[in-house]
Amino acid sequence: MTLFLIRRLQQSIVVLLVMSFVVFAGVFAIGNPIDSLISPEATEQEREKAISQLGLDQPLYAQYFVFLKNVSRGELGTSFVHNRPAIKLILERLPATLELTVAALVFAIIVGIPLGLLAGLNTESLIGRGILSSSILFFSLPTFWVGLMMILLFSINLGWLPTTGRGETVEIWGIHASFLTLDGLRHLAMPAVNLGLYPLALIIRLTASGTQETIPLEYMKLAKAKGLRRRRIIFIHLLKNIMIPIVTVIGLQFSVILAFAVVTESIFAWPGMGRLIIDSINLLDRPVIVAYLLVTVVVFLIVNILVDILYSILDPRVRLGGM
Amino acid sequence: MIKKILTRALPVCMVLMGAGAAAADELTVATPNDPSIDPHYLYVSTNAAYGRHVFGKLLDRDGDARVKADLAVSWKNIDEFTWEFNLREGVTFHDGSTFDAEDVIFSFNRVPNVPNNPASYESNTNMIETITATGPYTLVIKTKNPYPLLLRRISGVSIVSAEAVEGGTTADFTSGQIAVGTGPYKFSAFVPGDRYELVRNEDYWGEQPAYDKVIFRIMPDPASRMAALLGGDVDIVEGFSPSSVETLEAREGFYVAQRASARTLWLYVDIQNDQSPFVTDLDGNPMDNSPLKDARVREAMSIAIDRDAIVTHVMGGLAESANQLVPAGWFSHNPDIDSISVDVKRAKSLLAEAGYADGFGLTVHAPNDRYVNDEKIAQAVAQMLARIGIITQVETMPKSVYFGRLNRQEFSLSMIGWDNSLTGSSLMSLSAAFHTREKDRGYGGWNAGGYSNADFDAAVEAAEKEFDTVKQEKYLNEAMRILIQQDRGAIPLHSQFTILGVRDGVRYEPRVDEHFSAMLAQPSE
């Protein structure tokens, strides 16, 4: 286990370094943030002053070197647009996105696994087919369209839920959370469902196909022959064995949604990290873009390690040291 | 059963929701833009608009872009270089401290010295040689050169409290700690990316705004801003998409507030380069002698563009066609410049006269996220040019990429929209976008077409120094005539409208400079 963690840590650092360079070079190639930010009234001299003040007149390698030096001191740069440390901006928005992501995944899991089981156990029935074919819809309908339709239906036509935004928050351990207030939950419902549709479809299909594959296996027959109750067979013998791919997908989806919930966050005006990255790209706020993508990589790395550890718990045959 | 519940519960829900939005003491605004709370950080028009709520200036510009007294009550020229201002007495900042000349001097000194500022406000202060207090409520400003524009320029300098801000950073403003001004609203809360809340300053020296509380909801997506308006969550939508105008007007309970703005769109033509980067012959090979250098070709291009069609079909009527760089009715709009009427036949014969009867190839460049319908306008222009044989491609890009390339003169034909409200005249666009590039003297910083004409330059410089407005307008009109009528140095397109979506029950009058101002909103009952 320790060896596994050390090895993973080493790999992670290499990945981070490579990633930082790729992002840095990419952002450098797009252009100069001053050009789009500066007012048209500014003279050439003012423009040059701003550029040199921000160190943007240096060649790529010099800027990258300065960046690395700052990173080693724990600084990921200061946002051009907000004039505050980029990492602080990101962490400030993290709770909102985390809340949305967890809500979306909880929705996907709570709804997805029972539906998947139902579909997998009754493949020939109308219910099973109905569930599987509607899961295709969740895959293929574009998030922004579904989001807008939901707003149209539930907010504008029916008037049940607020259209957009994050509701009232309460502070727990210094973090603002909205899922503890009624207003917050009302605001959270639509974006969470909207964001959860894709993982929901994935989980339904994985659970259903896993169920189908596992049912004919010998140990399932044995369990049945032993006279175990159906509930025990399904929830212990079956579910535990089909969980590995599902956990993988949930883990991957968690990082993907956390990092790139851009569309849902924009449509529902949710003040999360996804919005931050898209705004920063639009304004070429380089330090935020670089810091954001590095944070994303870190999130992916951590989630992957956690998923690997979860494997070994779910399936004793998996040995961490060998991975 | 369910139906019964629904029919009973629905009206109750509607009433509850409606009641929230209809409260007359609160105004909720959906806006695409995050604010910078520090009024001296990041000089973009949306920040200037936010700043006006919380901070005062010596002089401001009103909704019609006229100079208006704010913290200065009177002013006069002592000589060409020296201005004397009398300040308003008895004004307090939001934290209770008293406003005096020291605060003004502190603010003017802070503007060029905010660290890491990619877009400084210093173009509003750098003509100033010294600024000194001659008493607690009198100030003398000396400029480096005769500078009649000073009265307009200083509207770009927000006055902050010297005691509160001394040693403070932009981050301290963002947290609200030192965000104290003298404006009609006070900072209440700011959640980045989510909301910015203001409450009325009951001690404001001037006319009290109508709403006790203003909430800006930051919503970058135009469709969700529209949805929030229809759903009753917000009262006003800023940055309203023209394509939604018809939908909104058709709905009961909402209206579109519109006004011709000070922003005029035009096309730069590359006049300087013999080999213009995006000019080709009909086979796609670069041309050694750019046809764009010929004024007849530029005139042909201009009269090939059907501006009225663009206004009607692309802009949905929410624009006004232009024959020069400032909108009609403005100071320095030259009435002697002919209106441009479409004439495809004459355009073709002009091209033939210049030796390009068969036409040539060209690319028009435009941003796709900056002006109202910018990309569609470029496409319409390309098709209209194709009618006279100039086979035109369209290339659009995000503003973050576009403006850098524009400034490096990388395009042959390119779009820009200039907001004329700062000077209230053509002066800024003429001197920044068409005066010969002279870095040391601060001219031609945006001269993306490489236009250069000594007579034009002389007229612009004379206008800049002229204190007599009648004479100044004469110089500006002359410069505009040379540029547009004589040299065809730019192709004017149209002036766009400011459009906002508003709920009935709120009355809003847009400003000419497209800035949103909660002070201009009132309950309409």
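**Entry 1: an aromatic cluster in chain B**

I began with the ring pairs in chain B, where B:Tyr50, B:Phe187, B:Phe190, B:Tyr196, B:Phe216, B:Tyr508 and B:Phe516 are linked into a cluster. A note to self before going on: this is a predicted model.

From that cluster I picked B:Tyr196 and B:Phe216. Are both of them buried or exposed? B:Tyr196 comes out at 3% relative accessibility, so I put it down as buried. B:Phe216 has 2%, so it goes down as buried too. Their ring centres are 6.2 Å apart and the planes meet at 25°, so I logged the pair as stacked. B:Tyr196 is in strand E9 (residues 195-200) of chain B and B:Phe216 in strand E10 (residues 213-218) of chain B, so the pair ties together parts 20 residues apart in sequence.

**Entry 2: the strands around E10(B)**

Next I followed E10(B) itself. Of its 6 residues, 5 are buried, and I noted the strand as mostly covered. Which way does E9(B) run against E10(B)? The two are antiparallel, joined by 5 bridges. One residue match I wrote down is B:Arg195, whose bridge partner in E10(B) is B:Arg217.

I then looked at strand E1 (residues 26-31) of chain B, which pairs with E10(B) in the parallel sense over 6 bridges. Here B:Thr28 has B:Ile215 as its bridge partner in E10(B).

**Entry 3: aromatic pairs, chain A**

How many aromatic pairs does the structure hold? I got 29 over all chains. The one I opened in chain A is A:Phe24 with A:Phe67: centres 5.2 Å apart, planes at 40°, so the pair is tilted. The two residues are 43 apart, with A:Phe24 in helix H1 (residues 2-30) of chain A and A:Phe67 in helix H4 (residues 60-72) of chain A, and I noted this as a link between distant parts of the chain. A:Phe24 has a relative accessible area of 12%, and the cut-off for buried is under 20%, so it counts as buried. A:Phe67 is buried as well, at 9%.

**Entry 4: where chain B meets chain A**

I moved on to the contacts between the chains. On the chain B side 59 residues are in contact with 51 residues of chain A. What area is buried between them? I have about 4,500 Å², with carbon and sulfur atoms giving 54% of that. On chain B, the residues losing the most area to chain A are B:Pro118, B:Ser400 and B:Lys439, which together make up 13% of what that side buries.

B:Lys439 turned up again when I checked charges: it forms a salt bridge with A:Glu48, and the closest N and O atoms are 3.0 Å apart. The count of salt bridges between the two chains is 3.

I also looked for charges over rings. Across the chains, the charged end of A:Arg47 sits over the ring of B:Trp446, 5.3 Å from its centre. Within chain B, B:Arg88 lies over the face of B:Trp205, at 3.6 Å from the ring centre.

**Entry 5: two positive phi values in chain A**

Why did I bother with these? Because most residues other than glycine have a negative phi. A:Asn83 has a positive phi, near 55°. I found A:Asn83 in the loop between H4 and helix H5 (86-121) of chain A. With a relative accessible area of 11%, A:Asn83 is buried.

A:Ala269 is not a glycine either, yet its phi is positive at about 45°. This residue is in the loop between helix H11 (262-267) and helix H12 (273-283) of chain A. A:Ala269 counts as buried, at 2% relative accessibility.

**Entry 6: two single residues in chain A**

A:Ile215 is in the loop between helix H8 (182-214) and helix H9 (218-226) of chain A. How covered is A:Ile215? At 37% relative accessibility, I list it as partly exposed. Leaving out neighbours within four places in sequence, A:Ile215 is in contact with A:Leu121 and A:Met220. Its C-alpha atom is 7.5 Å from that of A:Leu238, which is 23 residues away along the chain.

Last, A:Ser135, in helix H6 (residues 126-140) of chain A. Its relative accessible area is 0%, so I have A:Ser135 as buried. Not counting residues up to four places away in sequence, A:Ser135 touches A:Ala201, A:Ile204 and A:Arg205.

Definitions and conventions
Residues numbered from 1 in each chain as written. Chains lettered and ligands numbered in written order. Predicted model: local features only at pLDDT ≥ 70, side-chain atom pairs only at ≥ 80, totals over all residues. Heavy atoms only, no water. Helix = DSSP H or I, 4+ residues; strand = E, 2+ residues; numbered from the N terminus. Buried < 20%, exposed > 50% of the residue type's maximum accessible area, 1.4 Å probe, protein only. Contact = heavy atoms within 4.5 Å. Phe/Tyr/Trp six-rings, centres within 6.5 Å; stacked < 30°, edge-to-face > 60°. Lys NZ or Arg CZ within 6 Å of the ring centre and 35° of its normal. Pairing = 2+ DSSP bridges. Buried area = accessible area lost by both parts, 1.4 Å probe. Salt bridge = Lys/Arg side-chain N within 4 Å of Asp/Glu carboxyl O.
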